Amino acid sequence: MNTTKHNPAGTPRPAAERAADTPPAALDIRGLRMRLPRTARPVLDGVDLTVGAGETVALVGESGSGKTLTSRTVLRLLPGGATTEGTVHVAGDDVLTMNARELRRLRTRTAAMIFQDPRAAINPLRRIDDFLTESVRLNKIMTPAAANARAVELLEAVGLTADALRRHPGELSGGMLQRVMIAAALMGDPALLLADEPTTALDVTTQAEVVALLGDLRARFGTGLLFVTHDLGLAAAISDRVYVMYAGRIAETGPAASVFARPRHPYTKALLDSTPDLDAPRGRLAAIDGQPPDLRRELTGCPFAPRCAHADEVCTVEAPRRTPAPGEPAHTAGCHHSDRLEGTRGDA
Amino acid sequence: MPDPLLEVRGLCRTFGDVRAVDDVSFTLPDGGSLGIVGESGSGKTTTARIIVGLDRADAGHVRVRGQDRTAQPRGRTERLARARQIQMVFQDPYLSLDPRTGVEAVLRETLKLHKPGTDPAPRIRELLDQVGLGTRAADALPRELSGGQRQRVAIARALAVEPTILVLDEAVAALDVSVQAQILNLLADIREQTRIGYLFITHDLGVVRCVTDDVIVMRRGRVVESGRTADVLALPNHAYTRLLMASVPRPGWNPHAIGTARRALQATEPTT
Amino acid sequence: MSTTLTRRPGLARLRAAGHSPLYAVSAGFVGLVVTVALLAPWIAPYGPNTVELGGALGAPSGDHLLGVDAAGRDTLSRLVVGARTSLLGPLGVVVLSTIAGGAVGVIAGWRGGWTDSVLSRTTELTLAFPGLLLAILFTSVYGEGLLAPVVALSIAYVPYVARLARSLVLAERERPYVAAYRVQGHSGTDICLRHVVPNIAPVVLAQCTVNFGYALIDLAGLSFLGLGVPALTPDWGRMVFDGKSAIQSGYPLSAIVPCLVIVLTVVAFNVVGERWADEVAGRNR
């Protein structure tokens, strides 16, 4: 499992060695609340989320759900004027209370993000080897020689050859660039990888390869992975656990198989029903009427109530608390009427 | 035998060295719905642009009910007549509407162009109704609308011309899943009401399955498979179609096999 | 990460003032200068050419708030009346160059091909001539007066506006809505005039506000050289020219004050123009 051969001063401790000390979870968010100026309700409203070491967790939601905001908060990339409450622990340290030095350490060594569009995230004028080694060199994490060696090692791990080092981003395809991004994210040997829709801009065949790659790298380096996506099928196929977000809150969470086979929140079920699927019966999709709640309006009770087929009086007045599924304590949903959701989704 | 609604035969388009569209042929029957499936570089978007008139073909022809429309239109009347044959809804809901023009103004423009002299107001209300937009949306500017609402406006604008064929170029790809479902249902409704023919360009096999009767699969400018959607998706013939089906994520999915399959496929193809 | 915000449009200006005192002051100054120019004949305490030889080069006093120049004329009155000429010239330059440059840039960008090549090369040739030299040339040929330098400077400014307009049109042309209108059956000219031009206009106009400042400096410079406006017309640049002898006599106020006013006006216009350009650029998100 341990692939780095030796540990001269300055190189990060290999993940397996860290794991032996039973480290804290890769990511532990508790009660995260974020308010933006001139909005009537918080954009993030009590988010609790954990990613264990070496685990793949999917964060699923549509636009406006807060999933991208959540992932960016982990690196403390907050929008202007945002105020936050709660704690965000990455490998044991609270991101929201770090000073500048600790924050830099977090962003270069402990956690790394892979963005949606690799072309927008990589400077087109610099060479690939420059891009890969820049962060670790400038932050004196490794000597330039060690950085280059690691860059070669990681490029090979992502399925590219060392001659990609001398190329410019314009010479590589989207899929190859995304692999370079993944290699760059792994340079500092992070405990946590954040992937924000990393495959949305890629072809479906390339997506499969990138996903396979992420799985392999996880197994090899032991990093935790938070995979943000709007693609339910993808989330179901790759993650161990899933969080479904709606209007800044976690609507439902649990083991992927369980959440998709037996959803306990009407939003999850509605989302599953409205996804065109190759295996489900053909015909019209069961679309969800209406739109997500406006940020300019206050919210009482359940945010999904106006669009929910099972909503009643209590839903508009009282915000639902998280209740576990019978027999599955890890699978919880914030709904007053989870038991009304009859039937399963089949193979999801 | 009457002419089919849309007939494309031997379409070719080269950009420099690259054959973006290489001998593409297909037919769209009256009131039918044809999906064109492919990944980036397959040539599906170029094909759509040629059909609609935004690009010209190097060879081949495009016929609507027997009328050839491959050459550039000469003059205003021909230009308008072409517009009335085929209309298009674009992928990006944010940029396919003029940011300074309100919803009602957009529809009025189109109606003034194609039906001068008639009062546009009742038809505008009718169109907004048909695409599920309320009167409040009528005064709005594009930036005040959501992605789904903007696509509805784009559909209304296309329908205002009363075309016989509607080309949808990845029209739902940029939308959230729940909004996508609403728009797909809307499109199904419209097809039932108006018997318009659809040409659905997409990379999403799930969407194709939901909304099309027939499908063609394109790869590197060529059509590698065609047939009834249900048949092609149930029993794909070509290795590439099988690869596409296998790439769709679902539980029990094996992403590792896809890389191997893709390389195997590339090995069997001539390098051009 | 787009959050909808509540804003009341009417209070936008006040909010802007809060964020940036420089902008507030500049906008206020621009307003002041324009108002003064408009109301000049009614607010100037004396006529601009009323001479009081006895009090020449007088210091600021109750009668003459900014003193008296070498020829015995009240500086403040000359400043106030001179505002008209000093602002009219640059206005002419901006209007002419925007219309001509805008047209050239839009046609070049929209049509492309040969039209673009010819128009672009021609405008680049014009760029090679420094505006001030062209103005001096025109003035020496056509004599004194405001028209010759205004026309000359307009020609010199055309390439800048044309370049901007052309690049904006080139970008706008690629937007899907332009393709959508073509598919709808609108003619190219129609789309260009009714959709593309209104979309690029705010950016071009914001740039022209900045050009106003440059034109002001150029014209004032011309007057300072003794070319441009005739001797008796009060004009800020001319006042600096007339004030040369005052400086030599050791009473520089009548030369410094117009200088200061020119600088402040140009800076104010630049700040306002750039802020406007930033807002326009940010608005179309």
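User: How many cavities of 30 Å³ or more are there by this rule?
Analyst: The count comes to four. Keep in mind that this is a predicted model.

User: What's the volume of the largest cavity?
Analyst: About 110 Å³ of space lies in there.

User: And which residues lie nearest the centre of the largest cavity?
Analyst: C:Leu146, C:Leu219, C:Ala220, C:Ser223 and C:Asp235, out of a lining of 16 residues. The elements giving two or more residues to that lining are helix 3, helix 8 and helix 9 (236-242) of chain C.

User: Which helix gives the most to that lining?
Analyst: Helix 8 of chain C, with five residues.

User: While we're on helix 8, is C:Thr209 buried or exposed?
Analyst: C:Thr209 lies in helix 8 (residues 188-224) of chain C, and it counts as buried because its relative accessibility is 14%, with the cut-off for buried set at under 20%.

User: What does C:Thr209 touch, leaving out residues up to four places away in sequence?
Analyst: C:Phe269, C:Gly273 and C:Trp276.

User: OK, pockets now. How much space lies in the second largest one?
Analyst: About 950 Å³. The second largest pocket is lined by 36 residues, and B:Gly53, B:Leu54, C:Val178, C:Ala179 and C:Arg182 lie nearest its centre.

User: Which elements supply at least two residues each to the lining of that second largest pocket?
Analyst: From chain B you get helix 1 (44-52) and helix 2 (75-85), and from chain C helix 3 (75-111), helix 7 and helix 8. Helix 7 of chain C gives the most, with five residues.

User: Where is confidence highest and lowest in chain C?
Analyst: It is highest in helix 7 (residues 176-184) of chain C, at a mean pLDDT of 93, so the element that gives the most to the second largest pocket's lining has the highest confidence in that chain. The lowest is helix 1 (residues 12-19) of chain C, at a mean of 52.

User: What does chain C average overall?
Analyst: A pLDDT of 83, and 91% of the residues score at least 70.

User: Which stretch of chain C stays under 50?
Analyst: Residues 1-9 of chain C. The model has 19 contacts for them beyond four places in sequence. Where pLDDT is low, predicted coordinates shouldn't be read in detail.

User: And what ipTM does the predictor give the complex?
Analyst: An ipTM of 0.89, along with a pTM of 0.83.

User: Switching to electrostatics: how many salt bridges over all chains?
Analyst: The structure holds 43. Side chains of opposite charge can pair when their charged atoms come close.

User: What does B:Asp214 pair with?
Analyst: B:Arg228, in a salt bridge at 3.2 Å, N to O. The pair links distant parts of the chain, with B:Asp214 in strand 9 (residues 214-219) of chain B and B:Arg228 in strand 10 (residues 222-228) of chain B, 14 residues apart. B:Asp214 is buried, with a relative accessible area of 16%, whereas B:Arg228 counts as partly exposed at 47%.

User: Which residues does sharing salt-bridge partners join into one network?
Analyst: A:Arg126, A:Asp130, A:Glu134 and A:Arg137.

User: Back to chain B. What does B:Glu78 form a salt bridge with?
Analyst: B:Arg74, with the closest N and O atoms 3.8 Å apart. B:Glu78 counts as partly exposed at 25% relative accessibility, while B:Arg74 is exposed at 63%.

User: And B:Asp58, what's its partner?
Analyst: B:Arg56, with the closest N and O atoms 3.3 Å apart. B:Asp58 is partly exposed at 41% relative accessible area, and B:Arg56 is partly exposed too, at 45%.

User: Last one. Where does B:Arg19 lie?
Analyst: In strand 2 (residues 18-28) of chain B. B:Arg19 is partly exposed, with a relative accessible area of 48%.

User: Which side chain does the B:Arg19 side chain make a polar contact with?
Analyst: That of B:Asp22, at 3.0 Å. Not counting residues up to four places away in sequence, B:Arg19 touches B:Arg13, B:Thr14, B:Arg220 and B:Gly221. The C-alpha atoms of B:Arg19 and B:Arg222 are separated by 9.1 Å, with the two residues 203 apart along the chain.

Key
Residues numbered from 1 in each chain as written. Chains lettered and ligands numbered in written order. Predicted model: local features only at pLDDT ≥ 70, side-chain atom pairs only at ≥ 80, totals over all residues. Heavy atoms only, no water. pLDDT = per-residue confidence, 0-100. Helix = DSSP H or I, 4+ residues; strand = E, 2+ residues; numbered from the N terminus. Contact = heavy atoms within 4.5 Å. Salt bridge = Lys/Arg side-chain N within 4 Å of Asp/Glu carboxyl O. Buried < 20%, exposed > 50% of the residue type's maximum accessible area, 1.4 Å probe, protein only. Polar contact = N/O pair within 3.5 Å; in protein donor to acceptor, adjacent residues only side chain to side chain. 1 Å grid on protein atoms, 1.4 Å probe; cavity = no way out; pocket = protein on both sides within 12 Å on 5 of 7 lines; lining within 4 Å. Points joined across faces, edges and corners; volume = space filled by probe spheres on them.
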